Structures are given as structure tokens and as C-alpha cells.
Amino acid sequence: MKKRARQSLDPAAVQGTLLEGQSVRTLQALGLVTERGGASADAHRKIKQINHFLRLIAPALEDVFARHEQPVLFEMAAGKSYLGLALYEHWIARQGRGRLVAVEARPELAQRVRDIADELGFDRLEVVCGRIAEVDLPERAHFTLALHACDTATDEALVRAVRAKSDHVALVPCCQAEVARLLKGVKDGPDALWRHAWHRREFGAHLTNVLRGLALQAHGYQITVTELAGWEHSLKNELILGRRVGSFHAGARAELDALLTTIPVRPWLLDALAADA
Ligand SMILES: C[S@@+](CC[C@H](N)C(=O)[O-])C[C@H]1O[C@@H](n2cnc3c(N)ncnc32)[C@H](O)[C@@H]1O
């Protein structure tokens with residue numbers, strides 16, 4: 001299976017990998033497909049990953065497009081926006097409605113995505129340059145995606161999603177350093193779990209994502225946590241999917257509070273959500 005994924009593709013094979021609405025032209029603009037229409041082994045793996053992710057989030061997007069005439073999709077920490085541009089083509093362009101707002105802190109990456117969107121005529125894709133927590137965004141969003149947003153950028157995305165009452169969220173967190181740092185000073189509770197630096201990093205990352213899940217639930221989201229299978233090149237492959245079914249859940253709030261009593265840490269996420277309440 002892995003061996004096949006490493007093979008390069010000839011133009012006919014590239015055609016065979018395309019999802020409905022997806023074009024070779026877009027994959028070329030992204031630098032994943034050559035002028036002749038083939039793909040290197042690395043690019044093949046990337047295309048497979050993008051399409052796998054698009055399939056995973058398809059039920060959420062079907063729901064969003066069924067319920068909203070002009071849905072607003074957020075792609076947070078877009079980077080080169082491989083996923084956002086593919087998402088645009090597969091959903092927004094194919095449906096002929098909706099828009100994508102991509103947020104990226106690095107100006108050169110934001111400009112690159114703008115240039116590609118211009119070249120492809122993706123005129124309902126807006127790239128906002130700045131930090132997720134600070135930029136102006138539409139008040140309401142219907143789907144929020146954050147793939148490998150560094151450290152607390154995932155939390156910034158979560159906060160913006162909750163604030164925008166995003167119907168669905170899809171988070172694949174990146175490195176989580178903040179909670180590990182906070183745990184360093186904590187001697188209360190079951191501190192054998194984080195006494196050693198290695199354990200602190202692993203447990204801190206795990207606790208971060210548990211807190212993210214509970215925080216989403218406390219704000220009315222039903223969540224599933226699974227593995228983003230097929231992302232073989234990365235160990236950061238936890239996928240948190242959330243669907244908004246209410247605005248508050250007292251049980252999840254109580255669970256979150258109880259956990260924070262046992263392990264007294266206060267990451268940025270919780271204060272940011274509390275400030276919005
Ligand atoms: C690991 S890359 C992931 C890019 C893309 N989502 C992907 O998976 O290919 C993380 C990106 O997040 C951006 N970033 C980090 N912190 C950010 C923040 N607070 N607001 C906006 N973008 C941020 C970085 O500049 C970088 O482009």
C-alpha cells in the first residue's frame with residue numbers, strides 16, 4: 001500500500017485520481033502536476049492526502065451546502081492552501097455558490113495563494129493575511145478547517161469557529177507546546193503523568209486535544225476524534241470533527257471544570273472562549 005503511494009504517476013493515472021470537479025489545471029497551479037500532466041511520487045502522495053481529506057469532510061460539506069444558500073468556509077493557517085484550493089474547486093466551484101476565506105499569517109504565502117486563485121479565476125476565494133486571532137473575518141461561518149495550524153493557532157481557529165457559530169469544524173492539530181509548558185510548574189494532581197520532559201510533551205499534547213474536544217462540546221458541538229489515516233509523513237494526525245447542535249452543554253462544561261480541577265492548567269483557549277461568553 002505504502003509502496004504504491006510512492007510511485008510517480010503518468011498523465012492517464014493522474015486523471016484517474018481526480019475527484020468530481022477537480023482539474024489537472026489546479027493541481028498544476030499548485031505545483032503538484034507537471035506541464036505534461038504527470039506527478040512525482042511526492043506529489044502523488046500529496047494529491048492522495050488532499051483527496052482523502054476531502055472525502056472525510058464531505059458529509060459535513062454536504063450538510064453545509066444543503067442548509068445554506070451561500071455558505072462561508074474558513075481555512076485557517078492556510079499555508080500554501082493546497083487543501084483550500086482543492087476544497088474550493090471540489091465544492092464551491094462545482095456548486096457555483098459559497099465562498100472561502102483563507103487566513104495565513106505569512107504575507108508571502110498569502111500572496112502566493114492570491115496569485116493562484118487569480119490565475120484559476122477562483123473569485124470567491126479571499127485570502128486574509130494576519131493572525132487568526134486578530135484578523136477581521138465574516139461574523140458567520142458554516143465550516144471551519146484548520147490543518148496543522150501551529151501550536152495555539154489551532155486554538156485561535158477553534159475560538160473563531162465558535163464565535164462564528166460555524167456549523168462544522170475540522171481540526172488536525174499540529175505541535176502542542178503550550179500545555180506542556182504549563183504542566184512544568186504543576187506539582188498538584190497526578191504529576192507522575194508529566195514529571196519527565198518526554199512525558200510532559202506527550203501528555204501535554206494529549207491533554208491539549210482533550211481540552212479542545214471538551215471545550216467544543218461545552219459550546220454545543222458533537223465531536224468525533226479519529227486518526228487522519230493516510231497522512232503517513234506526519235505524526236500529527238489526530239482529526240477532531242465537530243458539528244454544532246446547540247450553544248451550550250452543561251455536562252461537558254462540568255467535565256471540563258472537573259478535569260481542570262484535577263490538573264490545574266489554564267491554556268489560552270479557555271480564557272479566550274470565556275472572554276467571548
Ligand atoms: C504547518 S503549516 C500548515 C499549512 C497548511 N494548513 C497545510 O496543512 O499544508 C502552518 C501554517 O500556519 C501559519 N500560521 C501559524 N500561526 C498562525 C496564526 N496565528 N494565524 C495565521 N496563520 C498562522 C504558518 O505561517 C504556516 O503557514
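Reader: How many salt bridges are counted between domain 1 and domain 2?

Author: The count is one salt bridge. Keep in mind as we go that this is a predicted model.

Reader: Which residues form a salt bridge, and why is the pair called that?

Author: Arginine 94 pairs with glutamate 20, and their closest N and O atoms are 3.3 Å apart. The cut-off is 4 Å between a side-chain nitrogen of Lys or Arg and a carboxyl oxygen of Asp or Glu, so the pair qualifies.

Reader: Where do the two domains begin and end?

Author: The domain assignment gives domain 1 as 1–56 and domain 2 as 57–276. Their C-alpha centres lie 26 Å apart.

Reader: With centres 26 Å apart, how do you know that residues of domain 1 are in contact with residues of domain 2?

Author: Contact is judged on heavy atoms within 4.5 Å, so the distance between centres does not decide it. By that rule, 20 residues of domain 1 are in contact with 28 residues of domain 2. The area buried between the domains is about 2300 Å², with carbon and sulfur atoms giving 66% of it. On the domain 1 side, Leu30, Phe53 and Leu54 lose the most area to domain 2, together 31% of what that side buries.

Reader: How many residue pairs are in polar contact across the interface?

Author: The rule finds 10 such pairs between domain 1 and domain 2. As for the helices on the domain 1 side, helix 3 (24–29) and helix 4 (41–56) each supply at least two residues that touch domain 2. Helix 4 gives the most, with nine residues.

Reader: What makes up that side of domain 1 by class?

Author: You will find eight nonpolar, six polar and six charged residues there.

Reader: Turning to the ligand, which of the residues around it come nearest?

Author: There are 15 residues around the ligand, and Ala77, Glu104, Ile132, Leu147 and Glu156 come nearest.

Reader: What makes the approach of alanine 77 to the ligand a polar contact?

Author: A polar backbone atom of alanine 77 is 2.8 Å from a nitrogen atom of the ligand. The limit for a pair of N or O atoms is 3.5 Å, so this pair counts. Leucine 147 also has a backbone N or O atom 2.8 Å from a ligand nitrogen. For alanine 105, the distance from a polar backbone atom to a nitrogen atom of the ligand is 3.2 Å, so that pair is within the limit too.

Note on methods
Residues numbered from 1 in each chain as written. Predicted model: local features only at pLDDT ≥ 70, side-chain atom pairs only at ≥ 80, totals over all residues. Heavy atoms only, no water. Domains from an automatic or database assignment. Buried area = accessible area lost by both parts, 1.4 Å probe. Polar contact = N/O pair within 3.5 Å; in protein donor to acceptor, adjacent residues only side chain to side chain. Helix = DSSP H or I, 4+ residues; strand = E, 2+ residues; numbered from the N terminus. Nonpolar A, V, L, I, M, F, W, Y, C, P; charged D, E, K, R; others polar. Near = heavy atom within 4 Å.
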